[in-house]
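Here are my notes on this one, written as numbered points so you can check them off against the viewer.

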Amino acid sequence: MDRLDNTVRPYAWGSTTAIPRLLGTEPTGEPQAEMWMGAHPGAPSRTGRGTLAEVVDADPERELGAATVAKFGPRLPFLLKLLAAGSPLSLQVHPDLTQARAGYEDEERRGVPVTAPHRNYKDTNHKPELICALTEFDGLCGFRDPLRAAELLDGLGVDSLKPYVDLLHASPEEAALREVLTAVLTADPDEMARTVTETAAACDRLGGEYAPYAGIAHHYPGDPGVIAAMLLNHVRLQPGEALYLGAGVPHAYLDGLGVEIMANSDNVLRCGLTPKHVDVPELLRIVRFEAADPGVLRPEAGPDDEEVYETPTDEFRLSRYVLPEGAPAHDLTLDAPQILLCTAGAVRTGEHELTPGHSVFVPAGEKAEVSGTGTVFRATVVL
């Protein structure tokens, strides 16, 4: 197995302290948003044999296993991350597999460069993802019931929000959510900026359930995404709880440290809370306009003390082992690729001692035992 040397991405929304605190290192004063573990070409993990992307490319069947290559192709199907949000990420959705393929082919046909800031589809893959909280973690996930959203907006006492309140009351669920999001994202920018300013002041004054939106507006003054965010469920995860984000579900992470796993894709359509490109027509085509409970996940007991976060996605499977002092070693050998990440304590796997924030790649079929006292997350695939 290979010890991984991983890149930390310094995105502006990242916490300056959460990842250093986990690693036991001194903060640099710069944001440290995401630590990537995997073979994604944007920042592949480094090993003693080269980057993990180079290792996999050299012999996919040896590293991933024949069954993984047959099902997903000759690439590691998932990307594992430590994600540390110090301020809100952009409000966004991801396409399903059919939409991603069609969108990518359309932009290729039209000659839109992959590096262009207005490009929506960087690849042909979908991007389901799962975030598991290591600390208390705030996020937005999926639409509220339209009547509940209307109640929340109406409670602010902002006159310019009244048309949205009326729309949410007047239409069937899907139409109501579609019409309001469309109206928010296509409103006159100056008028919307004034509405957001008034909304932010009211949220700040009222506090309570409005407090998260006051915080969002502080980071993104005048952004229509502040109003769009109020259409969504606010979720506060406790350590060990998780959220699964499927295709078309609008979401944003607001604050906290977590372990994130996703299919290996860069396809994102943004709804707001960002200076980046927002393609409103394409976004409206991808979003699923249906109210739903965000569905907080808790790990389910598996064999040999494994705790599994069940999702409908085959490209990744996330589980964890919480090892008490004196626990026997656990055999984690699989005929599939794995990344093992320590998030607490000190554990040993093979010749590697892992402390929080450190990880290894285990090729398919290679013997893997884990022992010690601490918490280990296991990322693999479903075959």
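1. Start with the contact between α6 and α7. On the α6 side the residues involved are Pro146, Leu147, Ala149, Ala150, Leu153 and Asp154. Across from them, α7 contributes Lys162, Tyr164, Val165, Leu168 and His169. Bear in mind that this is a predicted model, so read every contact here as a computed one from that prediction.

2. Now the geometry of that pair. Helix α6 covers residues 146-154 and helix α7 covers residues 162-170. Their axes come within 8 Å and cross at roughly 160°. Anything over 145 degrees counts as roughly antiparallel, so α6 and α7 fall in that class. The handedness of the α6 and α7 crossing is left-handed.

3. Next, α7 with α8. What is the crossing angle of the α7 and α8 axes? It is roughly 160°, and the axes come within 8 Å. α7 and α8 are therefore roughly antiparallel to each other as well. This crossing, though, is right-handed, whereas the one between α6 and α7 is left-handed.

4. The residues behind the α7 and α8 contact are worth clicking through. From α7 you want Tyr164, Leu167 and Leu168. From α8 you want Ala176, Leu177, Glu179, Val180, Ala183 and Val184. Tyr164 and Leu168 also appear in the list of α7 residues that meet α6, if you want a place to center the view.

5. On to α8 itself. Helix α8 takes in residues 173-186, which is 14 residues. From first C-alpha to last it reaches 20 Å, close to the 20 Å expected at 1.5 Å a residue. Its buried residues are Ala176, Leu177, Val180, Leu181, Val184 and Leu185. They cover an arc of only 145° around the axis, which puts them on the same side of α8. Among them, Ala176, Leu177, Val180 and Val184 are also in the set that meets α7.

6. α9 gets the same treatment. It has 18 residues and reaches 25 Å from its first C-alpha to its last, close to the 26 Å expected at 1.5 Å a residue. Which residues of α9 are buried? Met192, Thr195, Val196, Thr199, Ala200, Ala202 and Cys203. Looking down the axis of α9, these buried residues fall within an arc of 170°, so they line one face of the helix.

7. Staying with α9, the other side holds exposed residues: Asp190, Arg194, Thr197, Asp204 and Arg205. As for what the buried residues of α9 pack against, the partners are α7, α8, α10 and α11 (225-229).

8. One of those partners, α10, is worth a closer look. Helix α9 (residues 189-206) and helix α10 (residues 211-219) have axes that come within 8 Å and cross at roughly 135°. That makes α9 oblique to α10. The crossing of α9 and α10 is left-handed. Ala200, Cys203 and Asp204 of α9 meet Tyr213, Ala214 and Ala217 of α10.

9. Zoom in on Ala200, which sits in helix α9. Setting aside its neighbours within four places in sequence, Ala200 is in contact with Ala214 and Ala217. The C-alpha atoms of Ala200 and Tyr213 are separated by 7.2 Å, and the two residues are 13 apart along the chain.

10. Pro212 is in helix α10. Is Pro212 buried or exposed? It is buried, with a relative accessible area of 17%. For a sense of scale, the C-alpha atoms of Pro212 and Glu61 are separated by 47 Å, with their places 151 residues apart along the chain.

11. Last, a backbone point, in the loop between β14 (300-301) and β15 (307-309), where Asp304 is found. Asp304 has a positive phi of about 55° although it is not a glycine. Asp305 is in that loop between β14 and β15 too, and has a positive phi of about 70°, again without being a glycine. On accessibility, Asp304 is partly exposed at a relative accessible area of 42%, while Asp305 counts as exposed at 55%.

Notes. Residues are numbered from 1 along each chain as its sequence is written. This is a predicted model: local features need pLDDT of at least 70, side-chain atom pairs count only at pLDDT 80 or more; totals for chains, interfaces and linings use all residues. Side-chain values use heavy atoms; hydrogens and water are left out. Helices (H or I, at least four residues) and strands (E, at least two) are DSSP runs, numbered from the N terminus. The expected span of a helix is 1.5 Å times one less than its number of residues. Buried means under 20% relative accessible area, exposed over 50%, partly exposed in between (1.4 Å probe, protein chains only). The arc is that of the directions from the helix axis to the C-beta atoms. Axes are lines fitted to C-alpha atoms, for helices over the stretch in contact, and angles run from 0 to 180 degrees between N-to-C directions. Angles under 35 degrees count as roughly parallel, over 145 as roughly antiparallel, 65 to 115 as roughly perpendicular and the rest as oblique. A crossing is left-handed if the near helix is turned anticlockwise from the far one by less than a right angle, and right-handed if clockwise. Contact means heavy atoms within 4.5 Å.
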